[in-house]
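This report concerns salt bridges and a surface patch. The sequence and structure are shown first.

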Amino acid sequence: MPGRITIVGLGPGGLAGLTQEASQALEAASVVFLRTVEHPLARQIAARQPCTSFDAAYAAGASFEDVYRLIVDQVVAASRRGETVVYAVPGDPMVGEATTGALVAAAREAEIPLHILHAASFLEPCLELAGMDALDGLQVADGADVGRRHFPPLSPDRPALLGQVYSRLVASDLKLTLLAQYPPQHVVLVLDAAGTPEARAESVPLAELDREERFSTATAVFVPPRPAASAFESLQETIAALRAPDGCPWDRQQTHASLRPHLLEEAYETLEAIDSGEAAALCEELGDLLLQIVLQAQIASEAEDFSMADVVAGIQEKLIRRHPHVFGDAEVEDVEQVLHNWESLKAGERAEAGGTRGALDGVPRSLPALAQALEMQSRAARLGFDWRSADGVRAKVREEWQELEAAADDGSRAAEVGDLLFAVVNYARWLGIDPETSLRQTNGRFRKRFARMESAAAEAGRSLGDLGFDELNRMWDEAKRQERASGDER
């Protein structure tokens, strides 16, 4: 008959934090496991009675999952032998203790009685050190878990307390993750040994978090909110307030259709900022574009059509589904195979939906013509409909040029111009050039050169309209020379 498992919380400090019931459970246990002896009370327990700790497993460099599995297996195995088992953990078993849930599930499956004895967690003394009230929107997370992510699951508008920052390596991983959302100079508090006489709190810039020397299982990091509202939810609240009955009259009267030109304008201004290479301009324009997206979602939410959460959930699910080589077990060799798989997955989605949409039906008809041509050609190529080499594409461009020259009427010439442009777009695709971007850059160069010509003519007291073709040509060549000399050829 299996024995009993008791998970005991040791609190944040020494014997004073141990309840009488927990003390009795430890004395009555035939087997005592300590997750770690790196804790004031755990050291005292290990000194007075036989214990098994799992520090060696952590030190061996095993993954957290492997260590947790080892803990569960050994605790459950001891109970199956009929032992009265105590598994003791720092703080409270239900706060920041990943092994508790795994043990509870394993015990339930094995039909082993399990009891949890609570204690003060690391939260209370850490909050005291930080001078923080948990009701001020505090977020609590495992620092090691956050450090394993690419982006922190935290709102930058609310304070966060991150436990289990027990080594410089964990602190380094945590720092890199937090830097995706907080500036390097953002000051955080390193809290150590909270609830003990050795408690300390040290302020450090986030960029220097892993330069600390003193890390242990009793180390936590307190991250204050950013000084200015910057959470996505804060933007949603602002836009909802603008649309509220007592909000802005202009925002309240907007519809999906009325915002269409603004969305298009902001998209083009964002492209212009990208072309400029100015980070500050791009940051601002992305904000303006995001405003349009959130405003559209807010209008839909008010009509009970869908919410911003539905938008995010939809694209999240789609990205994971269409990247099985990242989030699943599929393997790819190169970008071409990724793109081919992408089209195959989309085709499967269309078939499952029972629709009759073709591969090109998803290309927006409102795209600029060059961009639309490129997207259609790219999709067709990913399905195998493409030239075998660039030689065939170049020959097609020459063929379309000859057909244009041979066209006998305006209608034929218009059609042939379209065919020629389509072939040129295809050749650009083979060269790895985005024709829309390339033409936009050419337009920019033409704009600058023409402005130089206008300035030169004005300095001479003349207008471009007064000049002949040869003189205009000479001014154009001079504008190009000045452009090359200044290095401004973008």
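The text below treats the nonpolar patch and then the salt bridges.

**Nonpolar patch**

The structure is a predicted model. On its surface, a nonpolar patch is formed by F232, L263, L290, I293, F306, V311 and V312. Together, these residues have about 490 Å² of accessible area. Two helices, α12 (279-302) and α13 (308-321), each supply at least two residues of the patch. One of the patch members, I293, lies in helix α12. The relative accessibility of I293 is 39%, so this residue counts as partly exposed, because partly exposed residues fall between the 20% limit for buried and the 50% limit for exposed.

**Salt bridges**

The structure holds 22 salt bridges. Three of them are listed here, with the distance between nitrogen and oxygen.

| Salt bridge | N to O distance |
|---|---|
| D386 and R429 | 2.7 Å |
| R394 and D391 | 2.1 Å |
| K396 and E400 | 3.2 Å |

In the salt bridge between D386 and R429, the closest N and O atoms are 2.7 Å apart. This pair links distant parts of the chain, with the two positions 43 residues apart in numbering. D386 is in the loop between α16 (369-382) and α17 (390-406), whereas R429 belongs to helix α18 (residues 410-430). With a relative accessible area of 31%, D386 is partly exposed.

The next two pairs concern helix α17. R394 and D391 form a salt bridge whose closest N and O atoms are 2.1 Å apart. The two residues are separated by about one helical turn, because they are 3 residues apart in helix α17. R394 is partly exposed, its relative accessible area being 31%. D391 also counts as partly exposed, at 49% relative accessibility.

Which residue does K396 meet in a salt bridge? The partner is E400, and the N to O distance between the side chains is 3.2 Å. K396 and E400 both lie in helix α17, where they are 4 residues apart, about one turn of the helix. Are K396 and E400 buried or partly exposed? K396 has 26% relative accessibility and therefore counts as partly exposed. E400 has a relative accessible area of 6% and is buried, because the limit for buried residues is under 20%.

Elsewhere, D145, R148 and R149 are joined into one network by salt bridges that share partners.

Methods. Residues are numbered from 1 along each chain as its sequence is written. This is a predicted model: local features need pLDDT of at least 70, side-chain atom pairs count only at pLDDT 80 or more; totals for chains, interfaces and linings use all residues. Side-chain values use heavy atoms; hydrogens and water are left out. Patches are made of residues with over 30% relative accessible area and no salt bridge: like charges are joined within 9 Å, nonpolar side chains (Val, Leu, Ile, Met, Phe, Trp, Tyr) within 5 Å. Accessible areas come from the Shrake-Rupley method with a 1.4 Å probe; for residues, only the protein chains shown count as cover. A salt bridge is a side-chain nitrogen of Lys or Arg within 4 Å of a carboxyl oxygen of Asp or Glu. Buried means under 20% relative accessible area, exposed over 50%, partly exposed in between (1.4 Å probe, protein chains only).
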